[in-house]
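Colleague: I have a model open and want to learn how to read one helix in it. Can you walk me through?

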Amino acid sequence: MNNIEEKLWDYIDGRCTPEEQNAISALIDEDAGVRLQFEQMLSANTSFTAMELDEPSMAFTYNVMEAIRTENARVPLKAAINKRIIRGIGIFFTVTLLALLVLVITSVRWSAQGLSVNLTAGFKMPAINYSDAKIVVQAFVFFDVMLGLYLFDAYLRKKRAARSV
Amino acid sequence: MQSKLSDAELIAQTLTGNQAAYADLVKRHQRFVFTLALRYAKVREDAEEIAQDSFIKAYRSLASFQGQSKFSTWLYSVVYTTAMTFLRKKRIATDSIDDEHNFVQIENQVSAYDVNTAESKSRSFYLQQAIGQLLPDDAAIITLFYKGEQSLEEIAQAMGMETNTVKVKLFRARQRLKEKLERNLKHEAKELI
């Protein structure tokens with residue numbers, strides 16, 4: 001940077017110490033060349049200050065607020081759907097596992113290997129019709145497989161859509 | 001009509017869920033944000049997109065604004081980052097931005113003006129034209145300094161640079177702007193400057 005020009009800009013911008021300010025003032029008074037340079041810079045500074053700001057389109061604020069509103073509306077809906085799906089899947093698997101557990105416990109022959117301990121201790125297990133239970137298990141397995149295929153299909157579609165963007 | 005509340009008051013209201021308060025903030029700062037975006041994008045449509053994205057990003061991160069700097073300084077740093085991301089996405093090579101000689105002034109920087117009208121020959125027109133011929137960073141620093149009411153330290157913060165770097169850049173930008181203004185005006189420049 002040219003030293004005198006830098007000092008003159010600092011002087012114009014008011015970034016000088018009082019001592020520097022006095023020194024530059026004296027230099028401007030004494031040196032005609034510096035005075036001319038200072039006047040040109042001052043004039044340029046006045047022109048720069050008069051710079052005008054550009055105006056965006058009339059609908060700018062509306063567009064910004066609309067984009068924010070749309071974004072705000074989209075996020076909670078997405079979150080709500082996700083939570084429901086996750087809860088639904090969770091409940092489904094919990095119920096399935098519990099049902100299978102009950103089925104397994106009730107179908108075990110506890111005395112098969114000579115175990116004489118009465119594990120049920122007076123608790124009477126629910127009577128289950130095994131021919132019906134088999135159908136129920138098959139239905140559960142079938143439903144699980146279908147659900148798995150559906151979710152896998154949705155995942156692949158999502159992946160393909162993301163790749164095509 | 002714009003709100004008389006301060007930026008801090010409007011921010012506080014926005015954070016409580018009052019979107020109208022944020023609309024007031026947008027109205028208050030949109031001209032400057034748009035002008036700053038135009039310094040980088042050069043095309044009005046792109047500049048409007050950058051400005052809009054900047055306000056949306058600012059809204060999303062408003063809670064993280066701690067008020068340690070002016071809201072305008074923080075907002076301009078968002079504009080700067082958004083503009084850089086936008087330009088990167090548009091695959092504008094960095095060297096073409098840095099190389100002043102290769103820099104091409106394209107449409108709309110002065111599109112609001114008609115070169116054949118008397119109005120277009122105003123001081124403002126020539127100044128806008130000269131600013132449009134500067135490097136984006138130079139044009140942004142000049143704009144922030146003269147119209148954004150930002151100190152060198154605040155400009156440095158907004159642009160992620162050292163204060164001294166900004167000082168040197170401002171010095172050079174003023175020289176270049178003066179030269180370009182003189183070149184564009186030829187004889188008229190002598191009356192202007």
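What follows is a short exchange about one helix of chain B and its surroundings.

Modeller: Bear in mind that this is a predicted model. Start with the fold. Chain B has 10 helices and 0 strands. Of its 193 residues, 54% count as buried.

Colleague: What does α2(B) span between its end C-alpha atoms, and what would a straight helix span?

Modeller: Compare the expected span with the one in the model. A straight helix of 23 residues would span 33 Å. Helix α2 of chain B, residues 19-41, spans only 28 Å.

Colleague: Where is the kink in α2(B) centred?

Modeller: On His29(B), with an angle of about 55°.

Colleague: How do I read the ends of the helix?

Modeller: Look for a cap at the start. Asn18(B) caps the N-terminal end of α2(B). One of its side-chain oxygens lies 3.1 Å from the backbone nitrogen of Ala20(B). Then check the backbone just after the helix. There Lys42(B) takes a positive phi of about 70°.

Colleague: Why is α2(B) described as largely enclosed by the rest of the structure?

Modeller: Count buried residues, meaning those under 20% relative accessible area. In α2(B), 19 of the 23 residues are buried, so the helix is largely enclosed by the rest of the structure.

Colleague: Which residues touch the most other members of the largest nonpolar core?

Modeller: That core has 76 residues, and those touching the most other members include Tyr22(B), Phe55(B) and Leu177(B). Helix α2(B) gives the most to this core, with 13 residues. Now follow Leu177(B). Its contacts beyond four places in sequence include Phe48(A), Leu127(B) and Ile142(B).

Definitions and conventions:
Residues are numbered from 1 along each chain as its sequence is written. Chains are lettered from A and ligands numbered from 1 in the order in which they are written. This is a predicted model: local features need pLDDT of at least 70, side-chain atom pairs count only at pLDDT 80 or more; totals for chains, interfaces and linings use all residues. Side-chain values use heavy atoms; hydrogens and water are left out. Helices (H or I, at least four residues) and strands (E, at least two) are DSSP runs, numbered from the N terminus. The expected span of a helix is 1.5 Å times one less than its number of residues. The bend at a residue is the angle between axes fitted to the seven residues ending there and the seven starting there. Buried means under 20% relative accessible area, exposed over 50%, partly exposed in between (1.4 Å probe, protein chains only). A polar contact is a pair of N or O atoms within 3.5 Å; within protein, one must be able to donate a hydrogen and the other to accept it, and residues adjacent in sequence count only if both atoms are side-chain atoms. A nonpolar core is a set of buried Ala, Val, Leu, Ile, Met, Phe, Trp, Tyr and Cys residues joined through side-chain atoms within 4.5 Å. Contact means heavy atoms within 4.5 Å.
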